[in-house]
Amino acid sequence: MSKIEFTSQQKQAMAESLQTYLEEELDVEIGQFDAEFMFDFIVEKLGPTFYNKGLEDAKAIMERKMMDIGDEIYEIEQISEF
């Protein structure tokens, strides 16, 4: 299984977003280091669930598209005596 990874810029931006949320919504101030530590925890513990949900959604889309393709192929089949 591959590890969920982000660039340092992405990680920093998301940690800053987490800091802002905590401050504005919960009136809790944390530093950049703590925000990145909390972000790492969220990615490690919750990330796989979100990742797997994304894969499920992608798989469902692919299955629907394959059914559509199968229907379209059926529509263009020609009658044959053999």
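**Two pockets and a surface patch**

Tutor: By class, nine nonpolar residues, one polar residue and no charged residues make up the lining of the second largest pocket in this predicted model.

Student: What makes one residue of that lining polar?

Tutor: The lining consists of Ile4, Phe6, Met14, Leu18, Phe39, Ile42, Val43, Leu46, Gly47 and Phe50. Gly is counted among the polar residues, whereas Ile, Phe, Met, Leu and Val are counted as nonpolar, so Gly47 is the polar one.

Student: Which helix gives the most to this lining?

Tutor: Helix α2 gives the most, with six residues, although α1 and α2 each supply at least two. The volume of this second largest pocket is about 190 Å³.

Student: How is the lining of the largest pocket divided by class?

Tutor: Seven of its residues are nonpolar, two are polar and five are charged. The largest pocket holds about 320 Å³ of space, and of its 14 lining residues, Lys3, Ile4, Glu5, Val43 and Glu44 lie nearest the centre. Lys and Glu count as charged, therefore Lys3, Glu5 and Glu44 are among the charged residues of this lining. Helix α2, residues 32-76, brings the largest share, seven residues.

Student: Why is Leu26 called partly exposed?

Tutor: Its relative accessible area is 49%, and because partly exposed covers the values between the 20% limit for buried and the 50% limit for exposed, Leu26 falls into that class. Leu26, which lies in helix α1, residues 8-26, forms a nonpolar surface patch of about 280 Å² with Tyr21 and Val28. A patch residue needs over 30% relative accessible area, so the 49% of Leu26 satisfies that cut-off.

Methods. Residues are numbered from 1 along each chain as its sequence is written. This is a predicted model: local features need pLDDT of at least 70, side-chain atom pairs count only at pLDDT 80 or more; totals for chains, interfaces and linings use all residues. Side-chain values use heavy atoms; hydrogens and water are left out. Patches are made of residues with over 30% relative accessible area and no salt bridge: like charges are joined within 9 Å, nonpolar side chains (Val, Leu, Ile, Met, Phe, Trp, Tyr) within 5 Å. Accessible areas come from the Shrake-Rupley method with a 1.4 Å probe; for residues, only the protein chains shown count as cover. A salt bridge is a side-chain nitrogen of Lys or Arg within 4 Å of a carboxyl oxygen of Asp or Glu. Helices (H or I, at least four residues) and strands (E, at least two) are DSSP runs, numbered from the N terminus. Buried means under 20% relative accessible area, exposed over 50%, partly exposed in between (1.4 Å probe, protein chains only). On a 1 Å grid over the protein atoms alone, a cavity is a set of points where a 1.4 Å probe fits but cannot get out, and a pocket is an open set with protein on both sides within 12 Å along at least five of seven lines; lining residues have an atom within 4 Å of a point. Grid points are joined across faces, edges and corners, and a volume is the space filled by probe spheres set on the points.
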